[in-house]
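Thanks for making time this morning. I would like to walk you through one model, strand by strand, and then stop at a few individual residues.

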Amino acid sequence: MEKNVAGKWVVYAEGNLNHASAGLGITGDAANITANVRIDGGAANAVDDTNPTELEDGYYIFDITAAESNGDNLLIAPASSTANVIV
């Protein structure tokens, strides 16, 4: 990802050991996936693209704005509110 340039960020969701699909890509979970971004070690802020778009087989894509990539060090931390799904 380039600094201060809008882009895409792909995440992968899978079932944890307690999920019926443990170790497999989880589909249909886009509405439950969100992410925070920390720019240069600053405070966590929700990514403007509230929920990603589903691609396939557990892969989802977030649209990242130029402002969200305007730093030398980016930490983007995704999570799913679905039980036993890790992103």
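**Two sheets, a core and some single residues**

Let me begin with the pairing of E1 and strand E6, residues 59-64, which run antiparallel and are joined by six bridges; please keep in mind throughout that this is a predicted model. Within that pairing, Lys8 stands opposite Asp63 in E6.

On its other side, E6 pairs with E5, again in the antiparallel sense, this time over three bridges, and here the bridge partner of Glu56 is Tyr59 in E6. Taken together, these strands make an open sheet of three, in the order E1-E6-E5, with antiparallel pairing. Strand E1, residues 7-12, and strand E5, residues 53-56, stand at the edges with a single partner strand each, so one side of each has no neighbour in the sheet. Neighbouring strands in this sheet are turned against each other by 35° on average, with direction ignored.

Now to the connection between E5 and E6, which form a hairpin with two residues between them. One residue of that turn, Asp57, has a positive phi of about 50°, and with a relative accessibility of 51% Asp57 counts as exposed. As background, most residues other than glycine have a negative phi. Where else is a positive phi found in a residue that is not a glycine? Asn4 is such a case, with a value of about 60°; Asn4 belongs to the segment before E1 and, at 42% relative accessibility, counts as partly exposed.

Let me turn to the other sheet. Three strands form an open sheet in the order E4-E3-E7, and the pairing is antiparallel. E4 and strand E7, residues 74-80, are the edge strands, each with a single partner, so that one side of each is left without a neighbour in the sheet. E3 and E4 are joined by two bridges, and Val37 stands opposite Asn45 in E4.

Which residues have the most contacts inside the largest nonpolar core? That core has 13 residues, and the ones with the most contacts inside it are Ala13, Val47, Tyr60, Phe62 and Ile76. The elements that give two or more residues to this core are strand E3, residues 33-39, and E6. If we take Val47 and leave aside its neighbours within four places in sequence, its contacts include Ala35 and Val37, together with Phe62, Ile64 and Ile76; polar or charged residues are also on the list, among them Asn36, Asp63 and Glu68.

I will finish with two loop residues. Thr50, in the loop between strand E4, residues 45-46, and E5, is exposed, with a relative accessible area of 52%. Not counting residues up to four places away in sequence, Thr50 touches Ile33, Thr34 and Phe62. Thr50 is 49 residues from Met1 in sequence, and their C-alpha atoms are 19 Å apart in space.

Asp29, by contrast, lies in the loop between strand E2, residues 14-15, and E3. Is Asp29 buried or exposed, and how far away is the nearest side chain of opposite charge? Asp29 is buried yet has no salt bridge, and that nearest side chain, Lys8, is 20 Å away. Beyond four places in sequence, Asp29 touches Glu54, Tyr60, Ser80, Thr82 and Val85.

Methods. Residues numbered from 1 in each chain as written. Predicted model: local features only at pLDDT ≥ 70, side-chain atom pairs only at ≥ 80, totals over all residues. Heavy atoms only, no water. Pairing = 2+ DSSP bridges. Helix = DSSP H or I, 4+ residues; strand = E, 2+ residues; numbered from the N terminus. Axes fitted to C-alpha atoms, helices over the stretch in contact; angles between N-to-C directions. Buried < 20%, exposed > 50% of the residue type's maximum accessible area, 1.4 Å probe, protein only. Contact = heavy atoms within 4.5 Å. Core = buried A, V, L, I, M, F, W, Y, C linked by side-chain atoms within 4.5 Å. Lys, Arg positive; Asp, Glu negative; His and termini not counted. Salt bridge = Lys/Arg side-chain N within 4 Å of Asp/Glu carboxyl O.
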